[in-house]
Amino acid sequence: MMRSSLGVVFSLSFFAASSLAQSTTCTLSDHVEYTRKIKEFTTESFFSTELVDHLPLSSCVPPPDVLLHHIVGAPDVLDYTKDINAYLRLLASKSPRVKVWSIGTSEEGREMLVVAVSDEANLAKLDRYKEITARLADPRGLSEAEAQKLIAEGKPIYWADGSIHSPETGAPEMLMELAYRLAVEDTPFIQKIRRDAIVLITPIVETDGHDRMVDIYMQHKKHPDQPPYPLIWWGHYVSHDNNRDNLGVSLALSRNMLKTFLDWHPTVMHDLHESVPYLYIMTGTGPYNAWLDPIVISEWQEMAYHEIEEMTKRGVIGVWTHGFYDGWAPNYLLSIANNHNSIGRFYETFGNGGADTRVRTLRPPDTSREWYRPNPPLAKVKWSARDNINMQESAILFGMNNLASNGQKFLNNFYLKSKRSVDKARTEGPAAWVFPSDDPRPAEQASLLNLLQLQGVEVHRLEKDLRLASPPGSQDAGVDKEKGREKSAEKSEAAAKSKEEKKLAETIIPAGSYIVRMDQPYSRLADMSLDTQFYSPRDPRSYDDTGWTLGALRNVKTTRVTDLSILSAAMQKMGKIDPPGSIDGQGKVFLIQHNTDNTLATLRFRLAGVAMEAAEDSFEADGIKFKAGSFIIRNADRAQLEKAAKDLGIKVRATNISLSVGTHPLAAPRIALVHNWQNTQNDGWFRISMDELKVPYTYFADTSLRETQNLREKFDVILIPPMGGGGPAGLSGMLRGLPLRGAPRPWKNSDETPNFVSPGLDSTDDIRGGLGYQGLANLERFVREGGLLIAVQTSASLPVAAGMTEMVNVSDAHNMQAPGSVVLSTIDDKRSPITYGYDDKLYIYFRQGPVITVGGNFGGGPEESGGSGRSSGRGTASDPDIIQARPYEPPEKPVKRTPREQELYIPEDLPDFARFAIPPKDQQPRVVLRFAAEKDLLLSGMITGGSEIAEKPAVVDVPHGKGHVVLFTNNPMWRGETSGSYFLVFNAILNFDHLDAGTTAAPPIK
Ligand SMILES: [Zn+2]
């Protein structure tokens, strides 16, 4: 059925004959054959409207079937990116109402497009309209009269984008037909859109994954007897999570879309998704993102209800809103618009994971009548790709017509939202966010500030020290809660003291500090990214992460300042911020402070051939205090090191001092990053982080672990990102993998599957069989022979259940709800190489589990408070019982032990057989990072039942044979947001063969 190669040849001939004569000389008739097929492929009349039940035929402009050889929404066929792009280019070459341009390429080099459709006159003035939305987006210095003039002259812009999620295949097809229809159709309804709005279309957001999806779908159509392939890579890196990248902006598609948004300031940005039946129009259940202007909340509702009403009026069944998605996290593609004062929205239409026509049976939750779904979907229906096209295209046309009909109102709202964002500093506040110049992590600080600038946020630099009076409430420590508490305590004491002492409460912001002012157009985005989030457990279950405070997750200091005087301080607007790197001093020994800036990992691998050592303790040199873990390089090539230091923003101290601190070699080891053949989403975030930082690794399949007996020969470190759902079921899934049924299933490029593999991805002769028992045995041998196995989050149960970790237990949380939050942890073992460079505390990203406990569980812990531990008898919870008819013996005073002491506690009267089971000290688990006490645990998001993890291990290092297993309960590499915890992983990697450092002289237990 595929005729793509023919299509390309055809399109090229069209390019050659490009002529732009439309309107006057062109005639319009009904495209009879196309229209007949629309009717044929639509399964029920109530899945269509008069807007899409036909297609006009222009004598000048080719409809999609000319190039595709099938109508849009035809059964059993999908089109590749190059063919869809070719059609849209053809359309632009033939219609004066269409323009097309590239907005960049994907990771694998596929092109992303924007197609503009509007009247010829509007397209001729496209730059002017772009100028107008840009001016309204930044209304500083614009008078009300000028603004109203611009609004009257301007045109609202509606940007529709398709298929960010590769299995959701309808939109790229639909958007071709939509572009054609908008360009040629002559009904007043379409004319209105063309005349009074500008439509932008991006047919495919995730081009890499789209082409793989088309491979899979068409391959299966050719071989229906074989099971379909899983879509192993939806894109190059992350699967469904590619629309969870708005805070980290790590993906090419996010950068391309963001850049295009900031270029055009579309009034509406509309993502087209497929999942729930039949057409869900986004408003969300709430809680809505608390930093958005309330105007946009109304706009979501208004636009949704307009489309629901128009569709319902025409007898279309199953169009609804509200009961899906919340609207809280700013992390979806559409949030690019919401975060920048425009309107971001989406549809979910009913997909079929391709272009099949199938009978679909729905469950009661999808068909029940609800207040928000008075016209629910049917229990059973035949559903086709064309039905999906009809629903998407009809509804979005009503949306576009609504925008065109109310263009002045929507542009005025946009202007108003932008203006109120600038006013924010002086109305709701804060006045600014401060990034102090003395942050010990200049590279991470610069990285976060550059990220904000990429988002369109302005960053300034303070020219002189700034003194701010700090009356109560004027300033919060936005990140360090404990510090905040101390401060307010300080303040209340200070209130009682003399005026002079009161002066001490003033805050000095040092010169050179970076200021993110809240009187700028994208203040809300900056505030939302840096502020703390509180997600109430009373609210509906969250759709995604509940907390994301970027300063905390990136371990960068930020301060929320409400004192308006900061806005008048002398400051300079910054361009890209490059932290300075240099070598100071003279000498043959080079010292680099370990500050957990991730560029240190880059440096280690960049100079992999240069011998480096890690200091096992803190030390002083040339009057500078260096932390444990600091890098020591002897006899290096100064010029080479200086170049690296400059490129990476690293400060190096050269000295001739003789050092007495203990050291061990700092490795640049061979790393395997493991994936399976079912879902590569979580490993994708690890790959992005490591690729960005140029930390080399081999992308290695679970099946390869099974097939490689001597893993130690190939690798030093094996890193298993979160895989599966954890627990026994997750473990079973890891071991079994894809069922070993039928014939071997190669994952390789072929004539039928030309897009399966690209550089950076993996291939195999057979994707079946998972890790298997042999793979588990190979992993165990790898560790025993001196390798480091890092197992993250749900994968932590693998080495534990496999018996590689004595005195460690891993379980799922029973009552806790932690749906993606920012929590506090404390460094529990400052001498462990894994914690090198960190301060005492670290905020980490935590999602639901697992819960890890260590120790022999010999009891003897502190008594449960509230007396629930005591027997029935006389007295109260605290007033003890008295046994009758014998002398009273007071109960033993419970011994207070820290969590660490409790874990290591071995009762003196432990029977010999039990004592025999305790491994020697050097084989016992070492808790390196621990969750804070329950009251201090949550910074941002939501946790209920936090006592399940409070004061329990977060990161544990367990020796096994000559090697180590390191378990993470948190996810240290998540969505490009958690760079503050990356170095826990890098430390483990760089010190993989010296993780025992610091055990012998461990500080005495208090
Ligand atoms: Zn989707």
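## Zinc site

Donors are here taken to be N, O and S atoms within 2.8 Å of the metal, and because water is not among the atoms, sites may look incomplete. In this predicted model, the zinc ion is coordinated at 2.1 to 2.4 Å by ND1 of His165, by Glu168 through OE, listed twice, and by ND1 of His273. The angles among the four donor atoms run from 56 to 152°, and the site of the zinc ion is classed as irregular, since four donors count as tetrahedral only if all angles lie between 85 and 135 degrees.

Along the chain, the donors of the zinc ion follow the spacing H-x2-E-x104-H. Glutamate 168 lies in the loop between strand 5 (157-162) and helix 8 (170-184), whereas histidine 273 belongs to strand 7 (residues 268-274), so the pair ties together parts that are 105 residues apart in sequence. Both glutamate 168 and histidine 273 are buried.

## Sheet

An open sheet is formed by eight strands in the order 3-4-6-5-7-10-8-9, with mixed pairing. The edges are occupied by strand 3 (98-105) and strand 9 (319-321), each of which has a single partner strand, so that one side of each is left without a neighbour in the sheet. From one strand to the next, the twist averages 20°.

## Pairing of strands 8 and 10

Strands of a sheet pair through backbone hydrogen bonds, either parallel or antiparallel. Strand 8 (residues 279-281) and strand 10 (residues 343-349) run antiparallel and are joined by three bridges; tyrosine 280 has glutamate 348, in strand 10, as its bridge partner.

Conventions:
Residues are numbered from 1 along each chain as its sequence is written. This is a predicted model: local features need pLDDT of at least 70, side-chain atom pairs count only at pLDDT 80 or more; totals for chains, interfaces and linings use all residues. Side-chain values use heavy atoms; hydrogens and water are left out. Two strands pair if DSSP finds at least two bridges between them. Helices (H or I, at least four residues) and strands (E, at least two) are DSSP runs, numbered from the N terminus. Axes are lines fitted to C-alpha atoms, for helices over the stretch in contact, and angles run from 0 to 180 degrees between N-to-C directions. Donors are N, O and S atoms within 2.8 Å of the metal (3.2 Å for Na, K and Ca); water is not among the atoms, so sites may look incomplete. Four donors count as tetrahedral if all angles lie between 85 and 135 degrees; four count as square planar and six as octahedral if opposite donors are over 155 degrees apart and all others between 65 and 115; anything else is irregular. Buried means under 20% relative accessible area, exposed over 50%, partly exposed in between (1.4 Å probe, protein chains only).
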